[in-house]
Amino acid sequence: MQQIPEIQISPSLLAADFGCLTSEIERAVAAGADELHLDIMDARFVRNLTMGPDIVQAARKSSNLRLSVHLMMMQPADFLDAFIDAGAGTLLIHIEAEGDHAAMLRHIRSRNVRAGITLNPETPAAAVAPVLPLVDEVLAMSVHPGFGGQRFIEEVLPKIAELRHQTTVDGHSFDISVDGGISAENAAAPAAYGANIFIAGTSLFRAADMAAAVRALRAAAQQGRNSSR
Ligand code: DX5
Ligand code: ZN
């Protein structure tokens, strides 16, 4: 049986105060974040508009943590290099986006950046099966992408188990991340089902004590994982 990768906490900057991004990033680093998550929305793939490569570059200058760049873009192909040049450490595209997914993932890897594929809540695990050998991370959305502060959708849990099963049966090795509505109150279940990267905006940046919130989230995930053994 393959070892599930280590649990990691990934604060989503979408819930940060954009007016003082540098100090918000420093706050996340000091709180014990393992990486930082940046949500790129193009107003086409989702009904919201957020940040571009310049913000990724600014975040790169503010910390040494890996930047996980989540492209909620309808046609990401033309922007991959811009986000890689800006400092993305992981670049996540959506399987529901347009374009040649395999070619995009190969291109990301050819530039020595971790490649990730993302699934919306309704998209079945089978949709990403053909590209699994090309990815370092699979992101299972646990809300409909577009906005922070939504409720965690429990129906995605079996899909996480299915994806984790693929890593053990077929011998591929990839991280499984979960994004949307994640907090210490609900992280145990996705961890038990095999997720190992926990992306959270509201529950971390809006907590009174972010370091305590990161610790609690990590402890809940660890407890969920231990209970599944
Ligand atoms: C939603 C984004 C998430 C979002 C999570 O479209 O992909 O990364 O920031 O925010 P919370 O944790 O508030 O649901
Ligand atoms: Zn995200």
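**Notes on strand β4, helix α4 and the zinc site**

1. Let's begin with strand β4 (residues 90-94), which is mostly covered: 5 of its 5 residues are buried. Buried here means under 20% relative accessible area, exposed means over 50%, and partly exposed is in between (1.4 Å probe, protein chains only). Helices (H or I, at least four residues) and strands (E, at least two) are DSSP runs, numbered from the N terminus. Thr90, Leu92 and His94 point one way from β4, while Leu91 and Ile93 point the other way.

2. A word on what you are looking at. This is a predicted model, in which local features need pLDDT of at least 70 and side-chain atom pairs count only at pLDDT 80 or more, while totals for chains, interfaces and linings use all residues. Residues are numbered from 1 along each chain as its sequence is written, chains are lettered from A and ligands numbered from 1 in the order in which they are written, and side-chain values use heavy atoms, with hydrogens and water left out.

3. Now the neighbours of β4. Strand β3 (residues 66-72) runs parallel to β4 and is joined to it by 3 bridges; two strands pair if DSSP finds at least two bridges between them. Across this pairing, His70 stands opposite Leu92. Between the two strands the chain passes through helix α3 (residues 80-86), giving a right-handed β-α-β crossover. Right-handed means that, with the strands pointing away from the viewer, the path from the first strand over the helix to the second runs clockwise.

4. Strand β5 (residues 114-119) is also parallel to β4, with 5 bridges joining them. The bridge partner of His94 in β5 is Thr118. Here the chain crosses from β4 to β5 through helix α4 (residues 101-110), and this β-α-β crossover is right-handed.

5. Helix α4 deserves a closer look. Its residues His101, Met104, Leu105 and Ile108 are buried. Seen down the axis of α4, the buried residues fall within an arc of 95°, so they line one face of the helix; the arc is that of the directions from the helix axis to the C-beta atoms. These buried residues pack against α3, β4 and β5, with contact meaning heavy atoms within 4.5 Å. On the face turned away from the buried side, α4 carries the exposed residues Arg106 and Ser110.

6. Met104 makes a good example from α4. Its relative accessible area is 4%, so Met104 is buried. Leaving aside residues up to four places away in sequence, Met104 touches Pro76, Ala77, Leu80, Ile93, Glu98 and Gly99.

7. For contrast, try Phe18, found in the loop between β1 (8-11) and α1 (21-30). Phe18 counts as partly exposed because its relative accessibility is 42%. Not counting residues up to four places away in sequence, Phe18 touches Leu13 and Met51.

8. Finally, the metal. The zinc ion (ligand 2) has as protein donors His37 (NE2), Asp39 (OD), His70 (ND1) and Asp179 (OD), lying 2.0 to 2.3 Å from it. Donors are N, O and S atoms within 2.8 Å of the metal (3.2 Å for Na, K and Ca), and water is not among the atoms, so sites may look incomplete. The site is octahedral, with angles of 71 to 167° among its 6 donor atoms; six donors count as octahedral if opposite donors are over 155 degrees apart and all others between 65 and 115. His37 lies in strand β2 (residues 35-41) and Asp179 in strand β7 (residues 175-179), so this pair ties together parts that are 142 residues apart in sequence. Both His37 and Asp179 are buried.

Definitions and conventions
Tetrahedral: all angles 85-135°; square planar, octahedral: opposite > 155°, others 65-115°.
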